[in-house]
Amino acid sequence: MEPYVIALALAVLAWLLVVGDLVRQHRPAWHWYVVGYPVTTCRVLRTWRRVALLNDLSVSRLPARTLIGHLMVKGDPVRPVAPRLSFPRATRTGLTAAVKLHAGQTPATYMQAADALAHAWKVHAVRVTSPERGLVLLTAMGSDPLQRPGLATAPAELLSALIGALETGGAWVVNLRLVPHWLIAGATRSGKSTLLSRLITQLAPQPVALVGIDCKGGMELGLFADRLSALATCKREAVAVLSALVVDMQERMSACRSAGVRSIWELPDKLRPVPVVVIVDEIAELYLSDGTRDSKAEAEQCSTLLLRLAQLGAALGLHLVIAGQRVGSDLGPGVTALRAQLGGRICHRVNDPGTAEMTLGDLNKDAVSVAQSITAEERGVAVCTGPDGGWSRARSHLTTTAEAMATARKHSAMTPDLPSLDRALEALEGDDK
Ligand SMILES: Nc1ncnc2c1ncn2[C@@H]1O[C@H](COP(=O)(O)OP(=O)(O)OP(=O)(O)O)[C@@H](O)[C@H]1O
């Protein structure tokens with residue numbers, strides 16, 4: 001063979017290896033349209049009947065009992081029919097197909113079969129939603145969209161923070177006006193602090209007071225002190241700050257009562273107090289005691305005060321964002337009651353199933369198993385609840401500590417004064433002298 005032909009063949013081979021490897025690693029958008037979508041569509045259409053049959057999605061039109069002569073015969077009818085599947089449509093990262101439910105079927109059966117569908121179609125995951133009665137939408141994702149989430153955008157709104165991107169490609173937004181209180185769980189190095197940094201970065205330019213409670217000596221939230229109206233760094237200070245906030249809450253209540261309104265948002269602009277977001281980093285530090293009577297009393301006070309703020313604060317512009325590595329009823333009797341008030345939930349990778357169960361279990365069992373499957377490499381990935389009661393996998397935008405500190409510094413002039421909190425902290429300093 002001519003040497004130039006061999007050289008050309010080797011060059012083509014090298015190109016295929018290099019480009020093929022790049023495509024496999026980075027999976028550009030066109031790769032899905034050109035290769036993934038046609039292959040997966042063929043697989044979906046080829047396997048649908050069998051998968052539907054094996055997962056009890058097919059239903060026979062024949063009755064389960066019939067009369068033969070004078071005999072009533074009961075049994076499993078033959079030839080079950082698979083539900084009607086629309087032709088799969090390509091999306092940016094996968095495909096969607098609508099299924100018309102047989103009479104008597106509910107989307108729950110399809111949700112149970114989602115894992116089997118993902119295996120049969122060789123895709124990353126299949127999510128099942130029901131956009132209208134009698135119809136389910138199967139969304140297959142060719143690869144994990146959260147490996148390289150796009151930059152989502154969302155309209156800027158008061159008390160709303162764009163945290164990152166949802167698995168569906170939409171924006172992951174924490175809107176405190178829609179869901180006033182949040183619980184964030186995550187093991188060490190799961191991305192919890194990055195998410196809090198992102199939240200602070202997003203709220204810093206807004207006319208909102210941020211109050212930090214960080215009983216790890218202020219190591220985490222102390223970095224954003226420039227934009228915090230108050231920062232408690234130990235349990236004693238936390239009790240003082242929370243007590244002052246409860247007093248402030250009562251003043252807001254009487255302001256609403258005198259104006260004859262039910263929430264501060266109905267007050268005229270001039271009278272409306274500034275909304276306050278209380279960020280607690282490491283809830284366990286508030287609830288645990290070292291066994292001494294003082295420490296136990298402080299833990300109980302913290303629990304009661306947080307619960308009061310959670311119960312009454314929403315309409316009065318007082319919001320809680322509570323983060324912790326581990327959340328369990330063993331922390332104290334008030335934890336389960338507090339959790340019930342924290343409507344928004346975010347669960348990163350956690351070390352124990354109990355924390356995932358505590359964070360999401362009362363809302364959705366499927367979400368718990370998805371949260372438990374988050375690996376150590378998937379930093380910043382979490383299962384979050386939405387305002388509609390649903391849940392989704394999501395990933396926060398990576399916000400470095402330096403970026404968050406710079407934003408806090410930049411907007412430090414916007415930090416509202418909360419004199420009652422300052423007075424409470426100064427009184428503690430006075431007692432110490
Ligand atoms: N959304 C993200 N995308 C990419 N990387 C992330 C993301 N979130 C976090 N990380 C990476 O994970 C590392 C750990 O994140 P982070 O410090 O937020 O974890 P943590 O849960 O707060 O841990 P700890 O409890 O020890 O403070 C960070 O250094 C960051 O590089």
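# Buried strands, a helix and a ligand shell

Visitor: Which residue in β16 does I346 stand opposite?
Guide: I346 stands opposite C384 in β16. Please keep in mind that the model is predicted.

Visitor: What makes β15 and β16 a pair of strands?
Guide: Pairing requires at least two bridges between the strands. There are 2 bridges joining β15 to β16, so the requirement is met. These two strands run antiparallel.

Visitor: How do you know that β16 pairs with β17?
Guide: The test is again at least two bridges, and β16 and β17 have 5. They therefore count as paired, in the antiparallel sense. C384 appears here too, standing opposite S392 in β17. Between the two strands of this hairpin there are 5 residues, and G389 takes a positive phi near 90 degrees.

Visitor: Why is β16 called largely enclosed?
Guide: A residue is buried if 20 or more other C-beta atoms lie within 10 Å of its own. Of the 5 residues of β16, 5 are buried, so the rest of the structure largely encloses the strand. V381, V383 and T385 point one way, A382 and C384 point the other way, and all are buried.

Visitor: Which residues of helix α10 are buried?
Guide: In α10, which spans residues 353–361, the buried residues are T355, A356, M358, T359 and L360.

Visitor: What puts these residues on the same side of α10?
Guide: Around the axis they cover an arc of only 165 degrees, so they sit on the same side of α10. As background, an α-helix has 3.6 residues a turn, so residues three or four places apart point the same way. The cover over the buried residues of α10 includes β10 (182–185), α9 (334–341), β15 (344–347), α11 (365–372) and β16 (381–385).

Visitor: Why is Q325 called partly exposed, rather than buried or exposed?
Guide: Q325 has 18 other C-beta atoms within 10 Å. Buried needs 20 or more and exposed means 12 or fewer, so a residue in between is partly exposed. Q325 is therefore partly exposed. Its place is in the loop between β14 (318–324) and α9. Leaving aside neighbours within four places in sequence, Q325 is in contact with G186, A187, T188, E282 and A284. D352 is 27 residues from Q325 along the chain, and their C-alpha atoms are separated by 9.7 Å.

Visitor: How do you know that N55 counts as partly exposed?
Guide: N55 has 17 C-beta neighbours inside 10 Å, a value between the two limits, so N55 counts as partly exposed. N55 lies in the loop between α2 (29–54) and β1 (65–68). Not counting residues up to four places away in sequence, N55 touches A113 and A116. A427 is 372 residues from N55 in sequence and 66 Å away in space, C-alpha to C-alpha.

Visitor: How many residues surround the ligand, and which are the closest?
Guide: The ligand is surrounded by 13 residues, and the closest are G191, S193, T194, R379 and G380. The shell divides into 1 nonpolar, 8 polar and 4 charged residues.

Visitor: Which element gives the most to this shell?
Guide: That is α5, with 3 residues. Both α5 (192–203) and β17 (391–396) supply at least two residues each.

Visitor: Which residues does UniProt list for "domain: FtsK"?
Guide: The unreviewed UniProt entry lists residues 169–357. In this model that span is 40% helix and 20% strand, with its end C-alpha atoms 26 Å apart.

Notes
Residues are numbered from 1 along each chain as its sequence is written. This is a predicted model: local features need pLDDT of at least 70, side-chain atom pairs count only at pLDDT 80 or more; totals for chains, interfaces and linings use all residues. Helices (H or I, at least four residues) and strands (E, at least two) are DSSP runs, numbered from the N terminus. The arc is that of the directions from the helix axis to the C-beta atoms. Two residues are in contact if their C-beta atoms, placed from the backbone, lie within 7 Å. A residue is near a molecule or strand if its C-beta atom, placed from the backbone, lies within 6 Å of it. Ala, Val, Leu, Ile, Met, Phe, Trp, Tyr, Cys and Pro count as nonpolar, Asp, Glu, Lys and Arg as charged, and the others, Gly among them, as polar. UniProt positions are given in the numbering used here, feature names are shortened, and annotations may be inferred rather than shown by experiment.
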